[in-house]
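Student: Please take a close look at the aromatic pairs in this model, and at the side-chain contacts that go with them.

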Amino acid sequence: MTWKITPQLVTVFTANTDFAETEVDTRQINLTRFPLFFPEKRSFFLEGANQYDFGLGLARQDSPLFIPFFSRNVGLLDGAQIPIDAGLKLNGRVGKWNLGILDVQTRQTVVSDQAVQDLALPSAVVPGTNLFAGRVSYDFNENLRVGTILTHGDPEARRNNTLAGIDAVWRTSKFLTNKNLQFGAWTATTQGDVGPGSKVGWGLSADYPNDLLDCNASVNEFGIALEPLLGFLPRPGTRRTDAFCAYQPRPSNDGPFRWIRQEFFENEYVRYTDPQGVLESWEYFMAPINVRFETGDRFEVNWNPHGEILVAPFAIAPGVVIPPGSYQFTRYRLEAQTSSHRPLQFGNTAWFGSFFDGHLTQWQNYLKWTSPKGRVQLEADFENDFGHLPQGNFVQRLWQLQGAYAWNPNLVLSSFIQYDTESQNVGTNTRLRWTIKPGNDLFIVWNRGWQRLILSPNETSIVPQSDVIAVKLRWTFRR
């Protein structure tokens, strides 16, 4: 139930919430020591999500550094749905104040044995618990915003955990008359049942995001005991120093390079140290060639040397464990993509070169076709990784097929099929959406999973693993 208190302030109440219509996650292959990031897709949490933006440059799209409140921790646990008994949400603006408040009560539920193993839960029963997140910021003027954030609760209902933080961001679009310039600062701490060591994080950043010259620099430190159980922090106990700069000229329309829309000469250096200042890893990324043509097609070449110091063994694949030690290796990338405006689109990304004390080749390809009238869309994505290390060889594959057919803009049938070698699981998500009129929708969703069993080196079998059909009617009443 949604109540518009004012045109800029909205409160939402929900009970026995179901997210059956939400698209399934796009699977990923993880060849790092750190958790993967999966974006939020549930509309209930996406509406007003910008109110919880914290700091400057922390919530990077593909690889966030730190998100104090990450809504996927509410109602989800290792991919398993945790029922929501009731929730209250307030989003909007009052004068110069920006508000975001969320309070949710989850229900006791039983999770799978795999979730118990992955999360090291004491039992398969996850108790119901209360989860809270609040964000308040104030616009002092058109340039400066200062805010605070507070979260409380543990999605696993095992620990007492509270996060508090403050941040400030200053922006202008009038630097040197018409240039953008931004500065940001933040600090946060967690209290409660957290480990020993520093519970504090902080960061400073400067950003000059403009068309010809795009540069930024930042330093962020995350305490070893900074444990935001309602947030996302992939590398606690580190200090990250980052410097990036890209020179992005646009050739003259009547010059010899008029077929080039824009060239991006990119350079970035990233360094991680532990709390004592001891180097953990570093990376340099350079794009000597990154060209976007007037047709919309693009081509890129990258040079990417790495340094990694492992203090503990790293299991990169089943049976393949990289021992502790200091490693230096160099990766290269070739990337080509056609314009997104073409009816038939395709692209290829190839990473190759050394990897720890061996070699790794990664191929990522996609092919997408849209019919002339836009009624049919078909897409195939393939990733194949081939690792050759002294500790053993490994192959990781991820295959995805997507299709959609629209009888009209209000009636669309879509299907998404995924298979990856890590889980040995084939999953399908088929969804029919009928928009009766704006705000009134009927969803019919069918999720089916099959498990690939390896019975012997020469014999495999595929058996059904899960089968769920959901029908959801969403009807909006306005007064």
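Tutor: What follows covers ring pairs, charges over rings, the disulfide, one buried acid and two backbone angles.

This is a predicted model, in which local features need pLDDT of at least 70, side-chain atom pairs count only at pLDDT 80 or more, and totals for chains, interfaces and linings use all residues. Residues are numbered from 1 along each chain as its sequence is written, and side-chain values use heavy atoms, with hydrogens and water left out.

Start with the rings. A search of the whole structure gives 26 aromatic pairs. Rings of Phe, Tyr and Trp (its six-membered ring) pair if their centres lie within 6.5 Å; planes under 30 degrees apart are stacked, over 60 edge-to-face, and the rest tilted.

Take Trp 259 and Phe 293. Their centres are 5.8 Å apart and their planes meet at 20°, so this pair is stacked. Trp 259 sits in the loop between strands S15 (238-247) and S16 (260-263), while Phe 293 belongs to strand S18 (residues 279-293), so the pair ties together parts 34 residues apart in sequence. Strands (E, at least two residues) are DSSP runs, numbered from the N terminus. Buried means under 20% relative accessible area, exposed over 50%, and partly exposed in between (1.4 Å probe, protein chains only). Trp 259 is partly exposed at 45%. Phe 293 is partly exposed at 23%.

Now Phe 314 and Phe 356. This aromatic pair is tilted, with 5.9 Å between centres and 55° between planes. Phe 314 lies in strand S20 (residues 314-317) and Phe 356 in the loop between strands S23 (344-355) and S24 (358-370), so the pair ties together parts 42 residues apart in sequence. Phe 314 is buried at 6%. Phe 356 is buried at 8%. Both rings belong to a cluster: ring pairs link Phe 314, Tyr 327, Phe 329, Phe 355 and Phe 356.

Rings also meet charges. A charge sits over a ring if NZ of Lys or CZ of Arg is within 6 Å of the ring centre and within 35 degrees of the ring normal. The charged end of Lys 89 sits over the ring of Phe 44, 4.4 Å from its centre. Arg 235 places its charged end over the ring of Tyr 272, 3.7 Å from the centre.

Next, the covalent link. The structure holds one disulfide, a pair of cysteine sulfur atoms within 2.5 Å. Cys 215 is joined to Cys 245, S to S 1.9 Å. Cys 215 lies in strand S14 (residues 213-222) and Cys 245 in strand S15, so the bond ties together parts 30 residues apart in sequence. Cys 215 is buried at 16%. Cys 245 is partly exposed at 30%.

Strand S16 carries Glu 263. Glu 263 is buried yet has no salt bridge, and the nearest side chain of opposite charge, Arg 298, is 9.2 Å away. A salt bridge needs a side-chain nitrogen of Lys or Arg within 4 Å of a carboxyl oxygen of Asp or Glu. Lys and Arg count as positive, Asp and Glu as negative; His and the chain ends are not counted. The Glu 263 side chain does reach the backbone nitrogen of Asn 290, at 3.3 Å.

Last, the backbone. Asn 16, not a glycine, has a positive phi near 50°. Asn 16 lies in strand S2 (residues 9-17) and is exposed at 53%. Leu 176 also has a positive phi, about 50°, although it is not a glycine. Leu 176 lies in the loop between strands S11 (161-175) and S12 (179-192) and is exposed at 60%.

How values were computed. Helices (H or I, at least four residues) and strands (E, at least two) are DSSP runs, numbered from the N terminus. A polar contact is a pair of N or O atoms within 3.5 Å; within protein, one must be able to donate a hydrogen and the other to accept it, and residues adjacent in sequence count only if both atoms are side-chain atoms.
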